[in-house]
Amino acid sequence: MTRRVDVDYLVVGAGAMGMGFTDALIDHSPQVRVALVDRRHGVGGHWLEDYSFVRLHQASSFYGVASTVLGGYRVQTGGPEAGLWERADQPTIVSYYADVLADRMVGPGRVDHFPGCEYVGDRQFVSRISGERYEVPERCRIVDARYLAPDIPAETPPQFTVEEDARVVPVNELVRVDEAPSQYVVVGSGKTATDACVAADAWCRSRRHLLGASARALDAQPLIRRPGPGHLSPHARHPPRVCGAAASSSTRARCVSPTTRSSSTARPTA
Ligand SMILES: Cc1cc2nc3c(=O)[nH]c(=O)nc-3n(C[C@H](O)[C@H](O)[C@H](O)COP(=O)(O)OP(=O)(O)OC[C@H]3O[C@@H](n4cnc5c(N)ncnc54)[C@H](O)[C@@H]3O)c2cc1C
């Protein structure tokens, strides 16, 4: 049996986009009722599944929904960014969206949240857990908030050939490696790859190598890490390559260059 959900808007996707839209909608139209649907178990979209050491790359106050400031304009007090605005980490972003959902949306009775539900078209969505099917009325507007949804390494198989003796792990796994590999090859050149080199401080090389001359300003900072076992050596035989996944092997790392295959199907990681 299909259960009818009597709402004016059905928002598909509860990531930054869907949350931002819903937040603004209920602010501007106090009477409307909204159903917020996501196949994930909570709100916040990809942040729920990202690697644990991801942070915003801009000040927290420039991210999130319009009604509620993320990070309370806090300023960093230590490290290379002392004196600059806070950049929220993953747990902070996830808990921020959970609070916005509870306090602004579901609590006041403006939004019905349907986690773990897949929008299947034709005004219908289905619970991935119970199989229950829901339908919204003809007058209800469907808002597709999935347009910019990124693919993330934790949920996307490598889009390149992996040789038998190479071990390829998504960036999320870096914090769980039990044996230090002799070297790493980072596949990717976006934010995720950079984080893999810089933020995973248990194995990164000094920021001086990454930042060049501009790193002189960091000289006085205590947070510069020195390379140790398993760190990417400046003389590594295999220089870093492109991706959001990290390839490693306990003896050696090998990476098939994406340039040897069509990379046009690869979706960019942030
Ligand atoms: C690792 C990483 C770091 C990033 N860092 C930054 C940053 O610092 N600053 C910045 O501005 N941007 C950053 N971005 C860019 C990021 O894409 C946006 O900030 C934003 O989070 C994207 O939100 P979204 O709602 O478009 O997508 P998502 O967060 O992916 O949300 C879309 C949601 O739609 C749901 N969905 C999809 N299809 C269906 C369906 N059929 N039925 C139900 N639900 C469905 C998905 O489950 C998902 O939760 C980063 C991206 C990544 C991957």
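**Notebook: a β-α-β unit, its sheet and the cores**

I began with the crossover, and I found that strand 3, helix 2 (residues 90–106) and strand 4 make a right-handed β-α-β unit. I note at once that this is a predicted model, so I keep to what can be computed from it.

I then looked up how the two strands of that unit are joined. Strand 3 (residues 34–37) and strand 4 (residues 111–114) run parallel, with four bridges between them, and I traced Val37 to its bridge partner in strand 4, which is Phe114.

Next I followed the pairing outward, and I recorded an open sheet of four strands, in the order 4-3-2-8, with parallel pairing. Its edge strands are strand 4 and strand 8 (141–144), each of which pairs on one side only. From one strand to the next the twist averages 20°.

On the other side of the unit's opening strand I checked strand 2, which runs parallel to strand 3 and is joined to it by four bridges; here the partner of Val11 in strand 3 is Leu36. Helix 1 packs on this sheet and touches strand 2, strand 3, strand 4 and strand 8, while its direction makes about 170° with that of strand 3.

I turned to the interior and asked which residues have the most contacts inside the largest nonpolar core. That core has 32 residues, and the residues in question are Val11, Leu36 and Val37, of which Val11 and Leu36 are the bridge partners noted above. The elements that give two or more residues to this core are strand 2 (9–12), helix 1 (16–28), strand 3, helix 2, strand 4 and strand 5 (117–121). Helix 2 provides the largest share, six residues. I set beside this the general tendency of nonpolar side chains in soluble globular proteins to be buried together.

I looked up Val11 in its own right and, leaving aside residues up to four places away in sequence, I listed its contacts as Gly18, Phe21, Thr22, Val34, Leu36, Val37, Val143 and Ala145. Apart from the largest core lies another one, of eleven residues, including Val54, Leu174, Val185 and Cys197.

Last, I took totals for the chain. It has four helices and eleven strands, and buried residues make up 30% of its 270 residues. Among contacts between residues at least 6 apart in sequence, 73% join residues at least 24 apart.

Conventions:
Residues are numbered from 1 along each chain as its sequence is written. This is a predicted model: local features need pLDDT of at least 70, side-chain atom pairs count only at pLDDT 80 or more; totals for chains, interfaces and linings use all residues. Two strands pair if DSSP finds at least two bridges between them. A crossover is right-handed if, with the strands pointing away from the viewer, the path from the first strand over the helix to the second runs clockwise. A nonpolar core is a set of buried Ala, Val, Leu, Ile, Met, Phe, Trp, Tyr and Cys residues joined through C-beta atoms within 7 Å. A residue is buried if 20 or more other C-beta atoms lie within 10 Å of its own, exposed if 12 or fewer, and partly exposed in between; C-beta atoms are placed from the backbone. Two residues are in contact if their C-beta atoms, placed from the backbone, lie within 7 Å. Axes are lines fitted to C-alpha atoms, for helices over the stretch in contact, and angles run from 0 to 180 degrees between N-to-C directions.
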